[in-house]
Amino acid sequence: MSDTKTALVISAHSADFVWRAGGAIALHQEKGFEVTVVCLSYGERGESAKLWKQEGMTLEKVKTERRKEAENAASALGVNDIRFFDVGDYPLDLGRETQERMVDVIREVQPNFMMSHSKWDPYNTDHMNTTQFALECRMIAQAWGHNPGQKVLGAPQLYLFEPHQTEQMEWKPTTFLDITDVWDKKWAAIQCMQGQEHLWNFYRNVAENRANHFRRNSGGQAGGRAAKYAEGFETIFPRTVDVLE
Ligand SMILES: [Zn+2]
């Protein structure tokens, strides 16, 4: 058993991990974590409007294009391992078979922490269904009676990444992560998403605003840490600590 720390990001569509957790991924890869990203779908039907507007487009062509973009983004972030489940989107097929595959990946990776979407997303039920799915798969991976003999999962935190239209999603950040040192990698990854160019600057603004919250919550005017770019996350589970600070 290796001592390498690992993380698992479960992304509904193939670009979500870039906007919402690209900084966290790049940062932890640099810190020696091995990050596995699972894209449940390519977002081929619901998040590829720009491609569909091109003449002669087919589902297979969109999927190929989106896969290429996601692989390029993953390599810009230094992702250790990216997997595509290709279960379709709008809606995702998260039935038994997909669940079994996901639980196998969780047990194989044994993540120190996991990441997925917000709990609520009325604009995009694929996102909130992915979070419910991630929680169910985490639970199954912890069960001693599931595939006895395999190593069961511990209790990794589940970080929920910031959704689009934050205020509509009942998402409340509990953690701000300074991603200033890896911003160049995230920005390069964002620019791999040619099909969604309309989101590039929006997500730079989000990172700048979250950096403001990082500064404010790390000490404010009494000496907060400087940060130019940050990502916010909501945590599901309590932390266990030896001392409060
Ligand atoms: Zn999405």
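Q: Which residue in β2 stands opposite Ser 11?
A: Ser 11 stands opposite Cys 39 in β2. This is a predicted model, in which local features need pLDDT of at least 70 and side-chain atom pairs pLDDT 80 or more, while totals for chains, interfaces and linings use all residues. Residues are numbered from 1 along each chain as its sequence is written, and side-chain values use heavy atoms, leaving out hydrogens and water.

Q: How many bridges join β1 to β2?
A: There are six bridges between β1 and β2, and the two strands run parallel. Strands here are DSSP runs (E, at least two residues), as are helices (H or I, at least four), both numbered from the N terminus. Two strands count as paired if DSSP finds at least two bridges between them.

Q: And on the β3 side, what is the bridge partner of Cys 39?
A: In β3 the partner of Cys 39 is Phe 84. Strands β2 and β3 also run parallel, joined by four bridges.

Q: Is β2 mostly covered or mostly uncovered?
A: Strand β2 is mostly covered, as five of its six residues are buried. Buried means under 20% relative accessible area, exposed over 50%, and partly exposed in between (1.4 Å probe, protein chains only).

Q: What is the strand order in the sheet?
A: Seven strands make an open sheet with mixed pairing, ordered β3-β2-β1-β4-β5-β7-β6. At the edges are β3 (81-84) and β6 (175-178), each of which pairs on one side only.

Q: In which sense do β5 and β7 pair?
A: Strands β5 (residues 157-161) and β7 (residues 230-235) are antiparallel, with three bridges between them. Within this pair, Tyr 159 has Thr 235 in β7 as its bridge partner.

Q: New topic: which residues are the protein donors of the zinc ion?
A: The donor atoms come from His 13 (ND1), Asp 16 (OD, twice), Glu 47 (OE, twice) and His 127 (NE2), at 2.1 to 2.7 Å from the zinc ion. Donors are N, O and S atoms within 2.8 Å of the metal (3.2 Å for Na, K and Ca); water is not among the atoms, so sites may look incomplete.

Q: What spacing do the donors follow along the chain?
A: The zinc donors follow H-x2-D-x30-E-x79-H. His 13 lies in the loop between β1 (6-11) and α1 (16-30), and His 127 lies in helix α5 (residues 125-141), 114 residues apart, so this pair links distant parts of the chain.

Q: Are those two histidines, His 13 and His 127, buried or exposed?
A: His 13 is buried, at a relative accessible area of 0%. His 127 is buried as well, at 8%.
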